[in-house]
Amino acid sequence: MTVLVLGGTAEARVLAGLLVGDGIAVVSSLAGRVTRPRLPVGEVRVGGFGGIEGLSSYLQGNSVAAVVDATHPFAARISANAAAACSLAGVPLLRLERPGWADETGASQWHWVSSSEESAALTATLGARPFLTVGRQGLDAYVGPLAASAALVRVVDPPEIDVPATWTILHDRGPYELDGERALMAEHGADVLVTKDSGGRWTQAKLAAADALDIPVVIVRRPAVPESVRVVSRPVDAAAWVRALPAAH
Ligand code: NAP
């Protein structure tokens with residue numbers, strides 16, 4: 001049987017490794033957004049499927065027995081497409097999603113918001129030297145409200161939009177450690193940290209650094225997981241789900 005892992009996350013790479021180790025045929029799918037992606041073991045395909053219909057055709061055309069949607073918590077469109085396409089094609093679907101940071105700290109200065117727009121407007125009121133760690137795709141919402149701010153913007157690949165001349169772009173990719181995060185924020189004189197609730201350990205150190213420096217954090221809530229899709233939070237649990245499928249026996 002072939003399992004399609006919708007990837008682009010560290011958890012997806014771990015899962016691919018577990019399944020390949022079990023002798024299960026895995027195809028990991030990446031959107032192709034990042035110039036030099038970290039690749040999982042096993043077969044990899046890159047690029048969109050062409051919406052729900054395209055993904056459904058792919059599943060049927062490639063005899064995919066199961067799909068694990070291990071995409072990033074903020075990749076809402078592909079998750080919705082996976083739910084609809086698997087339903088159309090009659091293929092079992094599991095969502096592998098790391099826990100959010102909601103319960104991780106008692107930080108008193110966390111401000112939860114529901115959108116990039118709300119985040120940008122609030123950030124503008126909280127500081128003049130924000131540290132933006134929201135990825136490059138949502139950056140456009142911040143351009144207007146933070147046009148005069150001395151923002152430090154950390155991204156993996158260059159932004160695809162024109163950003164204000166007052167912004168500093170930093171190209172880097174996690175994992176990050178507390179000492180480095182604290183030094184970076186202190187050096188910039190960051191007075192507010194802006195993040196999405198991505199969860200996970202790789203990018204968590206910035207939250208502790210903000211706490212240590214006593215600066216506020218603006219944190220964007222996750223989009224909802226499509227209803228009726230079963231969710232697990234650890235790659236080992238997703239691998240166990242695959243092994244328990246009738247097609248695996
Ligand atoms: P998105 O808005 O949910 O998806 C947009 C479109 O990209 C989808 O409709 C699909 O195109 C294609 N796509 C997305 N993930 C794909 C995958 N794994 N394999 C094949 N096609 C995929 O996603 P996004 O927020 O742009 O994120 C793109 C990818 O980057 C995701 O796979 C995600 O795991 C990874 N990522 C995202 C974030 C984030 O903050 N959003 C952070 C880290 C990593 P078609 O409709 O043509 O199939």
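**Exercise 1. A proline in a loop**

Where does proline 175 lie? Find it in the predicted model, then look at the peptide bond that leads into it.

*Solution.* Start with the place: proline 175 sits in the loop that joins E9 to helix H6 (178–188). Next, turn to the bond itself. The peptide bond running from glycine 174 to proline 175 is cis, and its omega is near 5°.

**Exercise 2. Histidine 171 in strand E9**

Describe the surroundings of histidine 171, beginning with its strand and ending with its contacts.

*Solution.* Step one is the element: histidine 171 belongs to strand E9, residues 168–171. Step two is its exposure. The relative accessibility of histidine 171 is 43%, so it counts as partly exposed, since that class covers values between 20% and 50%. Step three is the contacts: leaving out residues up to four places away in sequence, histidine 171 touches Val155, Val156, Asp157 and Pro158. As a last step, try a distance. From C-alpha to C-alpha, histidine 171 and serine 198 are 19 Å apart in space, with their positions 27 residues apart in sequence.

**Exercise 3. Checking helix H1**

Test whether the length of helix H1 fits its number of residues, then work out how its buried residues are arranged.

*Solution.* Helix H1 covers residues 10–21, which is 12 residues. At 1.5 Å a residue it should span 16 Å, and its end C-alpha atoms are 17 Å apart, which agrees. Now pick out the buried positions: Glu11, Ala12, Leu15, Ala16 and Leu19. These residues cover an arc of only 140° around the axis, so they are on the same side of H1. What do the buried residues of H1 pack against? Their partners are four strands, E1 (2–6), E2 (25–30), E4 (64–69) and E5 (93–96), together with helix H8 (235–243). Finally, step just past the helix: glycine 23 there has a positive phi of about 80°.

**Exercise 4. Two residues of strand E4**

Compare the settings of valine 64 and aspartate 69. For each, decide whether it is buried or exposed, and list its contacts.

*Solution.* Take valine 64 to begin with, a residue of strand E4. Its relative accessible area is 8%, so valine 64 is buried. Neighbours within four places in sequence aside, valine 64 is in contact with Thr2, Leu4, Tyr58, Leu59 and Val91. The C-alpha atoms of valine 64 and valine 26 are separated by 9.4 Å, and these residues are 38 residues apart along the chain.

Now move to aspartate 69, which lies in strand E4. With a relative accessibility of 2%, aspartate 69 counts as buried. With neighbours within four places again left aside, aspartate 69 contacts Leu6, Ser79, Leu93, Leu94, Arg95 and Leu96.

**Exercise 5. Positive phi outside glycine**

Examine serine 63 and aspartate 214, and say where each sits and how exposed it is.

*Solution.* Serine 63 is not a glycine, yet its phi is positive, about 45°. Serine 63 is in the loop between helix H2 (51–61) and E4. Its relative accessible area of 57% is over the 50% cut-off, so serine 63 is exposed.

Aspartate 214, another residue other than glycine, has a positive phi near 60°. Its place is the loop between helix H7 (205–213) and strand E11 (217–220). At 56% relative accessibility, aspartate 214 counts as exposed.

**Exercise 6. The ligand and its shell**

Build up a picture of the ligand's surroundings, from the shell of residues to the individual polar contacts.

*Solution.* How many residues surround the ligand? There are 22, and the closest are Ser29, Phe49, Arg77, Ile78 and Lys196. Then ask which elements contribute. E2 and helix H3 (76–89) each supply at least two residues of the shell, and H3 gives the most, with four residues.

Next come the polar contacts:

- A polar backbone atom of arginine 77 is 2.9 Å from an oxygen atom of the ligand.
- For isoleucine 78, a polar backbone atom is 2.8 Å from a ligand oxygen atom.
- In lysine 196, a polar side-chain atom lies 2.6 Å from an oxygen atom of the ligand.

To finish, consider how much of the ligand is covered: taken alone it exposes 800 Å², and the protein buries 81% of that.

Conventions
Residues numbered from 1 in each chain as written. Predicted model: local features only at pLDDT ≥ 70, side-chain atom pairs only at ≥ 80, totals over all residues. Heavy atoms only, no water. Expected span 1.5 Å × (residues − 1). Buried < 20%, exposed > 50% of the residue type's maximum accessible area, 1.4 Å probe, protein only. Arc of directions from axis to C-beta. Contact = heavy atoms within 4.5 Å. Near = heavy atom within 4 Å. Polar contact = N/O pair within 3.5 Å; in protein donor to acceptor, adjacent residues only side chain to side chain. Areas by Shrake-Rupley, 256 points an atom, 1.4 Å probe, with all protein chains shown as cover.
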